[in-house]
Amino acid sequence: MTDTGSEADRTGEGTAVEGAGTAPGAGTPAGEAAVDEALLTALEAVLMVVDEPLEPVQIAEALGTTPDEALAALTELAADYDGRRGSRRRGFELRRAAGGWRIYSRADHHGTVADFITAGQSAKLSQAALETLAVIAYRQPVTRARISAIRGVNVDGVVRTLLMRGLIVESGADSTSGAVQFVTSRVFLESMGLESLDELPDIAPYLPAGDDVPTVD
């Protein structure tokens, strides 16, 4: 009797549509090992609370995995956020910076983010922003942690504001801690009417003894 069954029936293979129900790790190209879903979700949770780029070895230690597995998970998430795993392209991206990985708002939307952050604000900087800018100007390059230590308060929000206004920029990583360092920008010089940082005034005479904001070297 003639066998009229389909090729799929004879081989036992299904006919599922490729990419259906795609989730991070599910649409991994052939030849690449799928990344564990639990690792991906744990990694996302960590990335959402960090304010400095993390190296794969740091992530591996925190999540109890290997650096290679951490790197594979980072690469998978980055591809998913970029829409390369069948998902929607997100308004944020996971990318490498200063030797590590961190989530950033996507460059396409920097204008929108800047408008949101500065909405309803006066063009004049707050006292907290001015103090933070002074610390950066006189101690640059300086990390966010160092700025916070000098001012005695959390400066995350103020640093973001200064970055969005273009008064400071990121400048590599600290050789000891690996933390992102900040320096003043050309916009800062233009706003202050300075040709170079050499023209910054000596503020030592105006500081109480022992203050940790020395003059420019």
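Start by selecting serine 105, which lies in strand β2 (helices are DSSP runs of H or I with at least four residues, strands are runs of E with at least two, and both are numbered from the N terminus). You are looking at a predicted model, in which local features need pLDDT of at least 70, side-chain atom pairs count only at pLDDT 80 or more, and totals for chains, interfaces and linings use all residues. Residues are numbered from 1 along each chain as its sequence is written, and side-chain values use heavy atoms, with hydrogens and water left out.

Is serine 105 buried or exposed, or something in between? Serine 105 counts as partly exposed because its relative accessibility is 29% (buried means under 20% relative accessible area, exposed over 50%, and partly exposed in between, with a 1.4 Å probe and protein chains only). Now add glutamate 93 to your selection: its C-alpha atom is separated by 6.2 Å from that of serine 105, although the two are 12 residues apart along the chain. Leaving aside neighbours within four places in sequence, the contacts of serine 105 are Gly91, Phe92, Glu93, His110 and Val113 (contact means heavy atoms within 4.5 Å).

**The largest pocket**

Keep serine 105 selected and add Tyr104, Arg160, Leu163 and Met164: of the 17 residues that line the largest pocket, these five are the closest to its centre. A pocket is an open set of points, on a 1 Å grid over the protein atoms alone, where a 1.4 Å probe fits, with protein on both sides within 12 Å along at least five of seven lines; lining residues have an atom within 4 Å of a point. The volume here is about 540 Å³, meaning the space filled by probe spheres set on the points, which are joined across faces, edges and corners.

Next, colour β1 (92–97), β2 (100–105), α5 (110–118) and α8 (156–164), each of which supplies at least two lining residues. The largest share, 4 residues, comes from β2. By class, this lining has 9 nonpolar, 2 polar and 6 charged residues (Ala, Val, Leu, Ile, Met, Phe, Trp, Tyr, Cys and Pro count as nonpolar, Asp, Glu, Lys and Arg as charged, and the others, Gly among them, as polar).

**The second largest pocket**

Move on to Leu130, Leu133, Ala134, Phe188 and Met192, which lie nearest the centre of the second largest pocket, lined by 13 residues. Two elements give two or more residues to this lining: α6 (127–139) and α9 (186–192). Of these, α6 gives the most, with 5 residues. The pocket holds about 220 Å³ of space, and its lining has 12 nonpolar, 1 polar and no charged residues.

**Helix α7**

Now select serine 148, found in helix α7 (residues 144–151). Serine 148 counts as buried because its relative accessibility is 19%. Beyond its neighbours within four places in sequence, serine 148 is in contact with Val153, Asn154 and Val155.

Which residues of α7 are buried? They are Arg144, Ile147, Ser148 and Ile150. Seen down the axis of α7, they fall within an arc of 165°, so they line one face of the helix (the arc is that of the directions from the helix axis to the C-beta atoms). These buried residues pack against β2, α6, β3 (142–143), α8 and β5 (180–184). Turn to the other side of α7 to find Ala145 and Ala149 exposed.

Finish at glycine 152, just after α7, which takes a positive phi of about 80°.
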